[in-house]
Amino acid sequence: MASEVRHPIFARFFDRLSRLMEKEAGEQRDELLAGLSGRVLEIGAGNGMNFHHYPATVEEVVALEPEAYLREKAENAALSAPVRVTVRDGAAEPLPLDDESFDAAVASLVLCTVPDPGRALAELRRVLKPGGVLRFLEHVRSESPRKARIQERLDSSGVWPRLGGGCHCGRDTVAAIEAAGFKIDRVRSFALGPSWMHTNPHVIGAARAPAS
Ligand SMILES: C[S@@+](CC[C@H](N)C(=O)[O-])C[C@H]1O[C@@H](n2cnc3c(N)ncnc32)[C@H](O)[C@@H]1O
């Protein structure tokens with residue numbers, strides 16, 4: 001079934017911006033994916049900026065991307081990736097994938113955008129094997145009450161979601177990951193670009209699905 005995410009202007013903007021940011025973001029993408037192995041699912045893969053950062057220990061990446069322009073870019077990126085990457089049309093909720101079929105899942109800059117992060121995380125739990133790994137790199141709600149209020153206004157007014165292809169800048173994504181039943185193994189906070197921006201702070205980390 002074809003997914004219905006259409007953000008043609010944002011998609012073109014994001015494609016250019018992500019390439020410009022690669023020098024800075026590339027280090028984080030390396031950290032995000034280091035040590036992964038086996039069969040890996042990446043949701044909202046965008047134009048495939050992560051693909052070149054997967055370690056050789058990964059057997060296969062199934063990369064879902066629901067936006068047509070970005071998916072085509074991802075298909076091109078997959079051709080020169082160091083590991084086997086299969087790009088497919090699909091959104092995160094529901095995932096068009098079998099239960100317990102992946103060793104690891106990757107969510108980078110996408111749980112801010114999916115309409116229902118709780119449902120997307122429940123779907124990730126469903127398709128991960130027991131004890132499977134979730135790696136995440138996301139921008140999240142600020143710990144500064146003043147900045148969090150600004151983020152909340154940008155989100156609830158619809159201003160930022162309209163500009164950012166459905167993105168929300170004030171989500172507490174680490175709490176959502178825990179609420180979905182994952183155990184956080186590690187997480188650290190950092191700024192990507194100027195720290196004052198409403199899309200900072202970012203978090204990068206690893207979580208684990210229950211063992212059974
Ligand atoms: C900011 S981009 C991030 C792309 C990529 N993950 C990266 O790290 O560069 C957000 C991505 O989420 C995708 N997306 C939007 N709605 C989605 C949904 N419901 N399920 C999965 N992905 C979605 C967008 O098409 C876009 O590719």
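This is a short walk through three helices of one structure and some loop residues with particular backbone features.

Please keep in mind throughout that what we have in front of us is a predicted model.

Let me begin with helix H1, which covers residues 8-20. At 1.5 Å a residue, its 13 residues should span 18 Å, and since the end C-alpha atoms lie 19 Å apart, the expectation and the model agree. Which residues of H1 are buried? They are Ala11, Asp15 and Ser18, and because they cover an arc of only 80° around the axis, they sit on the same side of H1. In general, an α-helix has 3.6 residues a turn, so residues three or four places apart point the same way. The face of H1 turned away from that buried side carries exposed residues, namely Ile9, Phe13, Arg16 and Leu20. As for what the buried residues of H1 pack against, the partners are helix H2, residues 22-33, and helix H3.

That brings me to H3, residues 68-79, where twelve residues should span 16 Å at 1.5 Å a residue, and where the end C-alpha atoms are 17 Å apart, which again agrees. Buried in H3 are Tyr69, Leu70, Arg71, Ala74, Ala77 and Ala78, and the elements that cover these residues include H1 and strand E3.

How do H1 and H3 meet, and at what angle do they pack? The angle is about 40°, with the two axes 8 Å apart, and the crossing is right-handed. On the H1 side the contact is made by Ala11, Arg12, Phe14, Asp15, Arg16 and Arg19, and on the H3 side by Tyr69, Leu70 and Lys73. Sorted by type, the residues of this contact are four nonpolar, no polar and five charged. I would point out that Ala11 and Asp15, which are buried in H1, both appear in this contact with H3, and that Arg16, which is exposed on H1, is listed in the contact as well.

Just after H1 comes Met21, in the loop between H1 and H2, and this residue counts as partly exposed because its relative accessible area is 26%, where buried would mean under 20%. Leaving aside its neighbours within four places in sequence, Met21 is in contact with Gly26 and Leu192. Met21 is also 8.5 Å from Gly193, C-alpha to C-alpha, although 172 residues separate the two in sequence.

The third helix I want to show is H5, residues 145-156, whose twelve residues should span 16 Å at 1.5 Å a residue and whose end C-alpha atoms are indeed 16 Å apart. Its buried residues are Lys147, Ala148, Gln151 and Asp155, and seen down the axis of H5 they fall within an arc of 100°, so they line one face of the helix. On the other side of H5, the exposed residues are Pro145, Arg146, Arg153 and Ser156. Helix H6, residues 159-163, is among the elements that cover the buried residues of H5, and following H5 there is Gly158, with a positive phi near 85°.

Two of those buried residues, Lys147 and Gln151, are in contact with Asn200, as are Val140, Phe190, Ala191, Leu192, Gly193, Pro194 and Ser195, once the neighbours of Asn200 within four places in sequence are left aside. Asn200 lies in the loop between E6 and E7; is this residue buried or exposed? With a relative accessible area of 1%, Asn200 is buried. The peptide bond from Asn200 to Pro201 is cis, with omega near 10°, and Pro201 is placed in the loop between strand E6, residues 183-190, and strand E7, residues 202-208.

A second cis peptide bond runs from Glu93 to Pro94, with omega near 0°, and Pro94 belongs to the loop between strand E3, residues 84-88, and strand E4, residues 102-108. The loop between E3 and E4 also holds Glu100, a residue other than glycine whose phi is nevertheless positive, near 45°, and which is partly exposed, with a relative accessible area of 49%.

Leu109, finally, is not a glycine either, yet has a positive phi of about 55°. This leucine lies in the loop between E4 and helix H4, residues 117-127, and at 26% relative accessibility Leu109 counts as partly exposed.

Key:
Residues numbered from 1 in each chain as written. Predicted model: local features only at pLDDT ≥ 70, side-chain atom pairs only at ≥ 80, totals over all residues. Heavy atoms only, no water. Axes fitted to C-alpha atoms, helices over the stretch in contact; angles between N-to-C directions. Helix = DSSP H or I, 4+ residues; strand = E, 2+ residues; numbered from the N terminus. Left-handed = near helix turned anticlockwise from the far one by under 90°. Contact = heavy atoms within 4.5 Å. Nonpolar A, V, L, I, M, F, W, Y, C, P; charged D, E, K, R; others polar. Expected span 1.5 Å × (residues − 1). Buried < 20%, exposed > 50% of the residue type's maximum accessible area, 1.4 Å probe, protein only. Arc of directions from axis to C-beta.
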